[in-house]
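Me: I would like to go through some of the labels given to residues here, and to see how each one follows from its definition.

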Amino acid sequence: PLSTAQNLKEYVNWINNNLEKEYGSMGIFLSGIFGLLDEKNSQIHLISTGSPPVIIQTNDFEILPLKNSVALGVVPFASFSVETFSTTQWKRMLFFTDGVYEIQTPEKEMLSVEGFIAILSSLEKDKKFSLSNLYNRIAKEYSYHFEDDVSILMLEKKEWTNWNGRVLHEK
């Protein structure tokens, strides 16, 4: 069962080795984010395999990009590292496809991951952050020249309160 960071790493290694063994000669690979939420210890364990970095925004608005590893099925016995973050210290996580930042202006200037983070930070600073504002700002500044798929998934922590505003639980 997937119950620890070590189990998660072993699972990802197993997928990588089997995918490379069965389909490596055909050039088939898999990119993605693998995660395990450990509610008991208030932690989340993540492994990024060939996909854009996950952006973790802390309660203090520090942005922590998740390190990336090679895509699954490309390198036999590749080494994948698990990154662990406290769930008590984050406000939101953003998962996104490379089409979000591999967008070019008509002058052929590319946004980049750093540019994406700068836009995110600017919206947060102006207290205007939402997924729609993030997408619209990128699209407008880059003249809607998306050439690849664009997907953004956000996980955001919210407090559950009762009728008089008392915090019941934070998820």
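Me: Why is Glu124 called buried?
Reply: Glu124 has a relative accessible area of 13%, and because buried means under 20%, exposed over 50% and partly exposed in between (1.4 Å probe, protein chains only), Glu124 counts as buried. This is a predicted model, in which local features need pLDDT of at least 70 and side-chain atom pairs count only at pLDDT 80 or more, while totals for chains, interfaces and linings use all residues. Residues are numbered from 1 along each chain as its sequence is written, and side-chain values use heavy atoms, with hydrogens and water left out.

Me: What makes Lys91 and Glu124 a salt bridge?
Reply: A salt bridge requires a side-chain nitrogen of Lys or Arg within 4 Å of a carboxyl oxygen of Asp or Glu, and the N to O distance for Lys91 and Glu124 is 3.7 Å, so the pair qualifies. Lys91 lies in strand E6 and Glu124 in helix H2 (strands are DSSP runs of at least two residues, helices H or I runs of at least four, numbered from the N terminus), so the pair ties together parts that are 33 residues apart in sequence.

Me: Why does Arg92 count as buried?
Reply: Its relative accessibility is 3%, so Arg92 falls under the limit for buried. Arg92 also meets Glu124 in a salt bridge at 2.5 Å, N to O, and Glu156 in another at 2.8 Å.

Me: How do you know that Glu156 is partly exposed?
Reply: Glu156 has a relative accessible area of 28%, which lies between the two limits, and therefore it is partly exposed. Salt bridges that share partners join Lys91, Arg92, Glu124 and Glu156 into one network.
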